[in-house]
Amino acid sequence: MRRLFFLLLSFCSVYSFGQNTSNHGNKFEALGTILPTPNEYRTASGAPGPKYWQQKCDYDIKCSLDEDKQVLTGSETITYSNNSPDQLFYLWLQLDENEHSSKNNANYQNESSMNSVESDNIVDQLAHSENDYGDHIVKITDALGKPLRYTINKTMMRVELPAVLKPGQKFIFKIDWYYPITDRMKAFGRGGYEYFPEDGNYLFTMTQWYPRLCVYSDFQGWQNNQFTGRGEFALTFGDFKVEMTVPSDHVVGATGQCQNYQQVLTPTQFARWQKAQTAKEPLQIVTLDEAKAAEKTKSKQKKTWVFKAINVRDFAWTSCRRFVWDAMPAYVEGKKVMCMSYYGKEAYPIYSKFSTKVVAHTIKTYSHFSIPYPYPVAQSVEAANGMEYPMICFNYGRAEKDGTYSEATKYGMLGVVIHEVGHNFFPMIVNSDERQWTWMDEGINSFVEYLTEEMFDNKFPVRGKGPAWAIVDYMKLPKNELEPIMTNSENIVRFGPNAYTKPATGLNILRETIMGRDLFDYAFKEYARRWAFKHPTPADFFRTMNDASAENLDWFWRGWFYGIEPVDISLDSVKHFVPDFEHPVAKVDTTVMRNIDKPMQSKFPEDVSKERNRDDKNITFAVDADTALRDFYWKYDRGIIPYDTSKFEQHISRYDEPMDEATKNKVAGKQFYELQFTNKGGMVMPIIIEWTYKDGTKEVERIPAQIWRKDEGHVTKVFMKDKEVASIRLDPNRETADIDESNNSWPAIKTESRFQVFKSKQMMMRSFPQNNNPMQKAEEKNKKAF
């Protein structure tokens, strides 16, 4: 390589730093043994293996709702298919309603202090009040009515099989049960009832309501970790037939398709249902006037609604006489999906306008980014909460009493509907274990929610589930307050950032900054395709994303998902050089070289092994025993052949030749910049550089994260530019979640504190006349309902 000589024009050093104590850690090493060993069930590529299997469980359930006593009574027939290669001696079922039981709850206690005693919830826990909540098992029998032995351990129930259930066999058994329904607004559960004192009615959301099978899998065996109310669910796919007997004036929405609308609806309502099949706008099957009239009558008669659902992991339903119900079809790859919403008069102004259309938008957008929505129905129920189940979800978003609603209510409602409907894909179809890895459904779903919100409205307010800058405040916390994303659900302290925001942000960084949209989208869709209607693990996700993109992302999974280190890349120094062809450099003096009569290795001391071997009279070296092995180099190494310097002089003289004109033309007028960076945070990331030139133009240059692979702490790199640079800024669009932007610029830019920003805003507002303040008017306008 020819030598270039430069004249140093300017130098700016923001920080000085000494020698590295270690320049190479394990940030770019393969995940290796951190991930489970691939096998015939789960391959190294992240795909299901040739012998992948999973269990199946079918349910035939009959239940009756006693509205006056708030009790649900049920009887279910369960058909369990053992598709595993294992013999089973017992089955584990989940009794999730025991979460509310005073004696059969999981008993995962949290610490408390006197500062928290003012909380009503803490006082209730300290009082240890007895209650009758939870599942009451009346009997369990086999298909012929013979009693089966069972044991209840908190929120889990073991049913002992009368004979070994061998691979390929099925077992049919029956359970009769009942439970008192909890006040969801007080007990803070996912299911229960909400009572409306102004009209004396109830809204029932029946979730986790029947004894249901735990997952038995190749990677874990039985997933029977207790249900504490935090980590959600791991469930087995199957087919459902459910009959729900409720007051005759109730409207029921549920997982799956209703089999008897013609029997439970009025002729007028059924005609509307038929018309809704081809509607272009949401069509009300039950109108607001009908719902208001039903509030007052409270029928004592009963009706039974029958629903069927095929290949779902769960079943949920809702029942209320206060519901308005609307519907319209959406089409996903030519297949019709009935999108529907149920809501009371409190939510009518916002749900009648947005809900069903947002349901349709969500399933179409998620289908674009993952797999085509496979189910025939998608439903949104306004129930003052947010929770998801196959084909049905429960959301919030009620208007003010005068029918207006705030912008915050609008976007909160849109966001929760998108999020909960989106859960149909993750984890209802791509069926991860929520009890163990919350991020695999909440984090992944929050990421696609962000994409879907963007597709709804490019001005959709960001709520922390996508842009990198939105996670910065969390990543700035002291390390003893952070925890890896891979932390078990029950042990997470900061649940929202850890399970939702950080994983969603990480995926968006992969898509926008590290992989690019094309590579990411293909790999992400491949993950959804491979694991639709199956049970993926984190390793399956990580491996698939690598496999389908040809990007080794182990460094990212290791740092972002298994680690807690933040991103903080600093620009430490900038050196500016320009070519100088006018000042010759003295020729290299080869006198020293000519006087060398020994090779360079003679400068180094002889190691002790060589010394001892040479002095050992019992050792005869092969080159001594057979002198034919003594070639030119043997003699040269010992100085027997003189060192010929003429070849060196011919070689070194080539570097004294003037630079040829072609090379001069390449570098003439160029500006060379040497930048030094430090990885102060620990998490490696791409280096994104915005160059602002003295003529006012800008350029953004992206250096992949692999620049850190040989030195994870410090990087120096030279850039050749056509124009002189006025300023440099790292990560100008805040893509990498860098927690300290004060060290990202050259020349250094003073960053205002939050107090100074607030003070500046106040001074600006005071500078306008009181009645002509645009900022104040904007704030007042935002408070008004749309």
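Leu91 has Val159 of β7 as its bridge partner, in a model that is predicted. That bridge is one of six between β4 and strand β7 (residues 156-165), which pair in the antiparallel sense. Besides this strand pair, the briefing below goes through an open sheet of six strands, a nonpolar core of 189 residues and a buried loop residue, Thr537.

**Strand β4 and its partners**

- Strand β4 covers residues 88-94, and five of its seven residues are buried, so the rest of the structure largely encloses it.
- β4 also runs antiparallel to strand β11 (residues 212-213), with two bridges joining them.
- On the β11 side, Gln94 is matched with Arg212 as its bridge partner.

**The six-stranded sheet**

- Reading across this open sheet, the strands come in the order β17-β20-β21-β22-β24-β23, and the pairing is mixed.
- At the edges sit β17 (283-286) and β23 (387-389), each of which pairs on one side only.
- Ignoring direction, neighbouring strands here are turned by 20° against each other on average.
- What packs on this sheet? Helix α7 (residues 407-422) does, touching β22 (377-382), β23 and β24 (392-395).
- The direction of α7 makes about 155° with that of β24.
- Over at the β17 edge, three bridges link β17 to strand β20 (residues 324-332) in the antiparallel sense.
- Within that pair, Gln284 finds its bridge partner in Asp326 of β20.
- As background, strands of a sheet pair through backbone hydrogen bonds, either parallel or antiparallel.

**The nonpolar core**

- The largest nonpolar core counts 189 residues.
- Which residues have the most contacts inside it? They are Trp209, Tyr261, Trp317, Phe541, Phe556 and Trp560.
- Helix α6 (residues 348-369) supplies the largest share of this core, at nine residues.
- Take Tyr261 as a close-up: setting aside residues up to four places away in sequence, Tyr261 touches Phe270, Trp273, Trp305, Phe307, Trp325, Met340 and Tyr342.
- In soluble globular proteins, nonpolar side chains tend to be buried together.

**Thr537, a loop residue**

- Where does Thr537 lie? You'll find Thr537 in the loop between α11 (517-531) and α12 (538-547).
- Is Thr537 buried or exposed? Its relative accessible area is 7%, and the cut-off for buried is under 20%, so Thr537 counts as buried.
- Not counting neighbours within four places in sequence, the contacts of Thr537 are Arg42, Phe219, Trp437 and Met440.

Note on methods
Residues are numbered from 1 along each chain as its sequence is written. This is a predicted model: local features need pLDDT of at least 70, side-chain atom pairs count only at pLDDT 80 or more; totals for chains, interfaces and linings use all residues. Side-chain values use heavy atoms; hydrogens and water are left out. A nonpolar core is a set of buried Ala, Val, Leu, Ile, Met, Phe, Trp, Tyr and Cys residues joined through side-chain atoms within 4.5 Å. Buried means under 20% relative accessible area, exposed over 50%, partly exposed in between (1.4 Å probe, protein chains only). Helices (H or I, at least four residues) and strands (E, at least two) are DSSP runs, numbered from the N terminus. Contact means heavy atoms within 4.5 Å. Two strands pair if DSSP finds at least two bridges between them. Axes are lines fitted to C-alpha atoms, for helices over the stretch in contact, and angles run from 0 to 180 degrees between N-to-C directions.
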